[in-house]
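Work through the exercises below with the model open. Try each task before reading its solution.

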Amino acid sequence: MISKKICLIGSFAVGKTSLVRRFVENMFSDKYLTTLGVKISKKIVSIQLEDVTLLIWDIGGEDLFPQTKLTYLRGMSGYLLVVDKTRISTLEIVIDIRKKVRETFPDVPYILLENKTDLTGQWDIEDSVIEKLQHEGWDIMKTSAKTGLGVEEAFNCLAAKMLRKTIT
Amino acid sequence: MENISANKISAKDELAHLRTLMLAPEQSEISELKERLNDPKIRAEELSRIIAEAIVMRTATDQKLATALLPTIEIVLRDVVKKDPKFLAETMFPIIGLAIRKSIAEALRSMVQSMNRTLEYAFSWHGILWRIESIRTGKPFAEIILLHTLIYRVEQLFLIHKETGLVLQHVAADSIDIKDADMVAAMLTAIQDFVNDSFSTKEDASLQNLNLGELTVWIEQGPRTLLAAVIRGIPPQELRAILQEIIENIEFEYSSAIDNFEGSTAPFEACKPDLLYCISQAQQTDSSANRAVKFSTKNVKQNTKKHDGSWVFIIIAGVLCLLIIIAGIIFSALR
């Protein structure tokens, strides 16, 4: 079976950890995030009848993405950027983080997840902003850790993107 | 007569003429090919165009090229050393210092470990018992300490791809409760990164030991992979040498597989016997110490408590003490 390392990156309290909690195999407690700054969980997805083990490195949320965090990204095959749909500031931070990550890992595929989409009345990030990013080539999906909307699809979609890259 | 011969000649000419008409391009091709085959300069030129690819292809299929080239390379090396030893010394300089430093550090650590062990046990309760055993059996004290303390077992071995933190291969001894190897390996890599980022300033510095009670994790580093051994008990320094040798072999033998690693562990399936050997090796060391014991925490504890005939000496000593006390009482009563 093929294994791949992926990373989960985003600002503080955007729901990264909740996003994985319900959908992956966990072995380590959340306190690793505050101590080591990273927590690892695992998810097996099936892409075109082939099972792929995703080792998910959940990188502790900090609004400043320091150099040390970049070492945790080493060797990843893809990453998920997570923003809180109800806070526009998280998107600004993610755009900044993505720029930094692209400098070191220019060709690694990624998907932007708009999390907390279940809080419909409180949306702060407008669709026009998202459309603009999509025009710039971003892959963007809506998720909700609470209702489970789009989470499985996000992992599958990223895995498919990564594998296509390996094959070509 | 003349007429006939003249006819013959003209027929021959015609035939030759016909041949040139029909086969002229092929004829020139054949002569060209002949020329190419006979001219060493052209052949060398042609060979030079494909030789690199040919070597790469052959190296990928088997090791015969290396075997074939070995004598030549040996001669070349010898000549280089003879001609200009300084050149080779300068080339080797960056790695030789590192190798020596590492080897000296290992030797020192091994010495400190054995000294520590001797000191630790020399004055302890176990130490006294073992000293009696040493007198009784006539074996040196150090040997007795080794015999009692070298009870260890390699429980698990992880071969990990450094860059991604993914497991290339994982083996475990029987009856070990195995947690998810993928996640453990990734976390181990994360801890390593964390330690490096937090405390170390040098690039080549790395985590080598983790101690948790009676469990020890030894980490041997290769350039692109690392081998983590989870050991119960006190392992001898020789085990480190074995681990080092294994990782060096793997780095060498699976060099291209490591370079082209895309997440599939299939190419590394073949190094499983090497890793299993390491696990069985630990058990052999124990049996050579004449202890036909199966390893487990319970047994380790039992073994350190068991001291064959030394209890007899304690009883005799106790009886003697009792006799002296009684004699003392009687003596003082008489006075």
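Five exercises follow, each with a worked solution.

This is a predicted model, in which local features need pLDDT of at least 70, side-chain atom pairs count only at pLDDT 80 or more, and totals for chains, interfaces and linings use all residues. Residues are numbered from 1 along each chain as its sequence is written, while chains are lettered from A and ligands numbered from 1 in the order in which they are written.

**Exercise 1. Outline chain A: how many helices and strands does chain A have, and in what order do its elements run?**

Step 1. Assign the elements as DSSP runs, numbered from the N terminus: helices are H or I with at least four residues, strands are E with at least two.
Step 2. Count them: chain A has 6 helices and 6 strands.
Step 3. Read from the N terminus: the order is β-α-α-β-β-α-β-α-β-α-β-α.
Step 4. Check burial. A residue is buried if 20 or more other C-beta atoms lie within 10 Å of its own, exposed if 12 or fewer, and partly exposed in between, with C-beta atoms placed from the backbone. Of the 168 residues of chain A, 41% count as buried.

**Exercise 2. Lay out the sheet of chain A: what is its strand order, and which strands are at the edges?**

Step 1. Two strands pair if DSSP finds at least two bridges between them.
Step 2. The 6 strands form an open sheet in the order β2-β3-β1-β4-β5-β6, with mixed pairing.
Step 3. The edges are β2 and β6 (140-142) of chain A, each paired on one side only.
Step 4. Twist averages 25° from one strand to the next. Angles run from 0 to 180 degrees between N-to-C directions, with axes fitted to C-alpha atoms, for helices over the stretch in contact.
Step 5. Inspect one pair: β1(A) and β3(A) are parallel, with 7 bridges. Here Ile2(A) stands opposite Val52(A) of β3(A).

**Exercise 3. Do likewise for chain B: what is the order of its 5 strands, and what packs on the sheet?**

Step 1. This open sheet runs β2-β1-β5-β4-β3 in chain B, with antiparallel pairing.
Step 2. Its edge strands are β2 (167-172) and β3 (209-212) of chain B.
Step 3. Twist averages 15° between successive strands.
Step 4. Helix α7(B) packs on the sheet, touching β1 (152-161), β2 and β5 (225-233) of chain B, at about 80° to β1(B).
Step 5. Helix α8 (residues 237-253) of chain B lies across β1, β4 and β5 of chain B, at about 155° to β5(B).
Step 6. β3(B) and β4(B) (residues 215-221) are antiparallel and joined by 4 bridges. In β4(B), Val217(B) is the bridge partner of Leu210(B).

**Exercise 4. Describe the interface: how many residues of chain A are in contact with chain B, and which element gives the largest share?**

Step 1. Contact means C-beta atoms, placed from the backbone, within 7 Å.
Step 2. 20 residues of chain A are in contact with 18 of chain B.
Step 3. On the chain A side, β1 (2-10), β2 (38-47), β3 (50-59) and α3 (67-73) each give two or more residues. The largest share, 4 residues, is from β1(A).

**Exercise 5. Find the core: which residues have the most contacts inside the largest nonpolar core?**

Step 1. A nonpolar core joins buried Ala, Val, Leu, Ile, Met, Phe, Trp, Tyr and Cys residues through C-beta atoms within 7 Å.
Step 2. The largest has 76 residues, and Trp57(A), Leu80(A) and Leu81(A) have the most contacts inside it.
Step 3. Helix α7 (residues 181-199) of chain B gives the most to this core, 8 residues.
Step 4. Leaving aside neighbours within four places in sequence, the contacts of Leu81(A) include Ile9(A), Val94(A) and Leu112(A).

Terms used. Contact = placed C-beta atoms within 7 Å.
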